[in-house]
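I opened the notebook today to look up a few things about the inside of this protein. Here is what I went through, entry by entry.

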Amino acid sequence: MSSLSTANEPLLAQEPHTLSPVEVARHLQVIPERGLRADEIDARLRQHGPNVLPESPPRRWWHRILDQCKDFMVLVLLAAAVLSGFIGDVADTLTIALIVLLNAAIGIAQEWRADRAMQALSQLAVPHARVLRDGRVVNIEARQLVPGDIVHLEAGDMVPADLRLNHVAQLRVDESTLTGESVTVHKHVAPIPSESLPVGDRLNMAFKGTLVTNGRGTGIVVATGPATQLGKVASLMQADGPRSTPLQRRLGAFGKRLSLVVLAISAVIFMIGVLRGEPWLLMALTAISLAVAAIPEALPAVVTVLLALGARAMVRVNALVRRLPSVETLGSVTTICSDKTGTLTLNRMRVQAWHTWHKLPAGALWRAVALCNDAVWDDARESWLGDPTEVALVEQALSQGLDVAALRCAQPRVLEFPFDAERKRMTTVHADGSAAGEAWIAMTKGAPETVLPRCVQVLTDHGTEGLDADEALETARSLAAQGMRVLAVAQRKWSNRPGSDAADAERELTLLGLVGLLDPPRPEARQAVAECLAAGITPVMITGDHPATALAIARELGIADNKAKALSGVELEAMTDDVLRDAVEHVRVYARMDPTQKIRIVHALQWHGECVAMTGDGVNDAPALRSADIGVAMGRNGTDVAREAASLVLLDDNFATIVAAVREGRRIFDNIRKFIRYAMTGNSGEIWTLFLAPLVGLPTPLLPIHILWVNLVTDGLPGLALAAEPAEIGVMQRPPRPPAESVFAHGLWQHTLWVGLLIAFLCLGVQAWAFANANPHGQTMVFTVLTLTQMAHVMAIRSARSSLFTQGLRSNLPLLGAVVLTFALQLAVIYLPAFQTIFHTRALTLNEFAECMTCAMLVFFAVELEKAWQRR
């Protein structure tokens, strides 16, 4: 056997699609039936590297610094400071430069925290693969795959590496990410002689990053990471960079408009100061410092930090955010369309009842469900693995005394037609061990309304009889009305092996019986539904189950009342779009729905202005997940396709987690609004103070270094600490936020204006008192009032409605610590001689400092009165 190539040489002498699976396996030194040995993996991983695509190198630290300092106004400020240093005021120059650098350091730290948060999220979303190693199928991270691994594929999987297929069963793959071709490709295993085939014509290959849409198969890994077809074009597929969220774009546009206003005000302040005889360089530095401090160029960046930290916090409630804008959208959700099985229920199926005709012993029924079944025994876990319904069926067959392993050995599967959402049934063909000579038997199980019309007779205790389909359907309905999921099971014997046409194999069947399975509701689901209704959110159930089953569960959970009716997929199909738009206003339960019909439901709800969250786990759910405002995929039992299409992944597949995510989304958006309220109000106070002082005949109240210092200590830690603010009381007792609602709604801009004016009047009042009394501490007092009033303000706006006395100081310790630290720094600037020289401050007397504290408390109680008025 030849040795493997080195990392720089091709793995195979020929293109793998030109070789047979046996030749590929021989070249890669692997036995397809057993997989690689454990002792081979590490050497191959070292040789070929991890199975990951090349990534852009991380940004260098000096690039981050330059990005922080490349703002035009910052550069103008530094230039003016350098000019001031040349004239003679070197201390001011150095101090201004230091404060600018400290601001840059805070910006870099914020960016680093956002990057860390997003990296943590991406690590939680690591793709996995099912691989055969040492004769056992194991689930591993896709990055650990090596050439020669045998990978198992099923509908819904993302292909984890380039594979040479060696077994397929109705396997179809969506290769649009690689070829741009939207039509799915039917795969086979036969060699294709031509070496120079385009990727889209290599029908015996499955390529990394493509999606399995139907069937199953296995393949031998022939390329990983950069060596894959996707890796070769990775540079073309890299994004231009992270896209801004809608909120960031709105704030960016607002910031640009506000910048023009601030620049105009700064120019007016400069001109008035010069006309009054103030030194032109001092006025230039003052005007530029005000522009640097008041222009909210950092708002979008801070929002990124808050969103990223919020998304990271959502993992604690088992919700993984895949797209940052969805954190904003969660607070606007008005309708949650949820699947039933596993989301509203426990997904722990058990057989509750079964029905055969005319006292037929159920042995034939259990043989059929054991054979037409993909559940497999896992020796390591000592349990059955697979779909919960199939596990429940095989466990029931075992409890009836059937030796499932021996049965499968005696009647091996020779052909299969996997379950799909369109047919709603599954068929497997087996060698018929009970017949003399060659014979085959097809076993079919699925939804009664799709299986029973294909049955022409029923098996009884004395042979086959004609089937009364209406009577059989009524029996199925009676089981479903008790909350059970009902399956019909049938068979057909063949003297010739059936072909590859499912419709042909699934005709003229003999009904064996009906099986009813029960999946109890999750204990927490009823409370979550009640919380939804209290929050103005309408929960809707969309399921593939029988209408009676769906209604029984929906009524138990409070989604539907006793008068409600379920809309079936057949009924929906017959509706025009206009009729459906009317129906969605009152329908709460949709049953026997195809995933493709979910898109029509989403569009009909959105037509009414609803903000829709839609759950899904299957391949065909992906279009509906993309169409919804929030696509929600299942983390445990969902497919890779669904997770790729979703913006939110439930790590525990639990409906209550969606509600918890909505609650968290509302909290995050509230905190973003609080930060904007805080930052804009502080800026407003600074602008009014500097703008009004010369108009009322007062000298310039602040030096450039004071403005920059206030901007540094107030916009940094206290603002970001608002991200840790707990959810508002009653956050889930208010209606959803309209998606198009301005971030300045609910009186935010009015608050910014009047509190900013109040801060300015207090600053100017203190300055006027000092000026009238020839007190040399006036400028220091204004400087102190401006800082302390912003600290008082941030404590007062921790809640939009509740009083701080109700919340308590200890409910946000990071913010309390930030305020205490800022207070201590301000004291240092006022009272320590070294800082007095740098900041041109004077030590305040006890009475003067008490006046500054009184001004701060006036702002605090004014905002508390505003909240009290709103509560009333």
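**Entry 1: the largest cavity.** I began with helix H9 (246-275) and H26, which each supply at least two residues of the lining of the largest cavity. I kept in mind throughout that this is a predicted model. H9 gives the largest share of that lining, three residues. I wrote down the lining residues: Ile269, Ile272, Gly273, Arg276, Glu278, Met283, Leu690, Pro694, Thr700 and Pro701. By class I found six nonpolar, two polar and two charged residues. The volume came out at about 50 Å³.

**Entry 2: the other cavity.** How many cavities of 30 Å³ or more does a search of the whole structure find? I got two. The second largest has a volume of about 40 Å³. I listed its lining as Lys340, Met349, Gly483, Met484, Arg485, Leu517, Leu518, Asp519, Asp545, Thr549 and Ile553. Strand S18 (484-494), strand S19 (509-518) and helix H20 (547-557) are the elements that give two or more residues to this lining. Its classes are five nonpolar, two polar and four charged residues.

**Entry 3: the second largest pocket.** I then met H26 again, since H26 and helix H34 (846-871) each supply at least two residues of the lining of the second largest pocket. H26 provides the largest share there, six residues. I noted a volume of about 700 Å³ for this pocket. Its lining has 28 residues, and Asp670, Arg673, Arg734, His746 and Ala800 lie nearest the centre. I sorted the lining of the second largest pocket into eight nonpolar, seven polar and 13 charged residues.

**Entry 4: the nonpolar core.** Which residues have the most contacts inside the largest nonpolar core? I found Met314, Ile336, Met541, Val589, Leu648 and Phe655, in a core of 115 residues. The largest share of this core, 16 residues, comes from helix H26 (residues 655-695). As background, nonpolar side chains tend to be buried together in soluble globular proteins. I took a look at Met541 and, leaving out residues up to four places away in sequence, found that Met541 touches Ser338, Lys340, Leu344, Ala550, Ile553, Ala554, Ile559, Arg588, Val589 and Tyr590. Lys340 and Ile553 were familiar, as both line the second largest cavity.

**Entry 5: salt bridges.** I counted 34 salt bridges in the structure. My starting pair was Asp149 with Arg133, whose closest N and O atoms are 2.7 Å apart. This pair links distant parts of the chain: Asp149 sits in the loop between strand S2 (136-141) and strand S3 (150-154), and Arg133 in strand S1 (residues 128-133), 16 residues apart. Are these two buried or exposed? I found both Asp149 and Arg133 buried.

Next I checked Asp577 and Arg600, whose side chains meet in a salt bridge at 3.0 Å, N to O. Asp577 lies in helix H22 (residues 577-583) and Arg600 in helix H23 (residues 595-607), so this pair too links distant parts of the chain, 23 residues apart. Asp577 counts as partly exposed at 46% relative accessibility, and Arg600 is partly exposed at 22%.

I also looked at Glu524 and Arg522, which meet at 3.7 Å, N to O. Glu524 is partly exposed, with a relative accessible area of 30%, whereas Arg522 is buried at 12%.

My last item was a network of salt bridges that links Arg130, Glu154, Asp157, Arg216, Asp374, Arg413 and Glu416.

How values were computed: Residues numbered from 1 in each chain as written. Predicted model: local features only at pLDDT ≥ 70, side-chain atom pairs only at ≥ 80, totals over all residues. Heavy atoms only, no water. Core = buried A, V, L, I, M, F, W, Y, C linked by side-chain atoms within 4.5 Å. Buried < 20%, exposed > 50% of the residue type's maximum accessible area, 1.4 Å probe, protein only. Helix = DSSP H or I, 4+ residues; strand = E, 2+ residues; numbered from the N terminus. Contact = heavy atoms within 4.5 Å. 1 Å grid on protein atoms, 1.4 Å probe; cavity = no way out; pocket = protein on both sides within 12 Å on 5 of 7 lines; lining within 4 Å. Points joined across faces, edges and corners; volume = space filled by probe spheres on them. Nonpolar A, V, L, I, M, F, W, Y, C, P; charged D, E, K, R; others polar. Salt bridge = Lys/Arg side-chain N within 4 Å of Asp/Glu carboxyl O.
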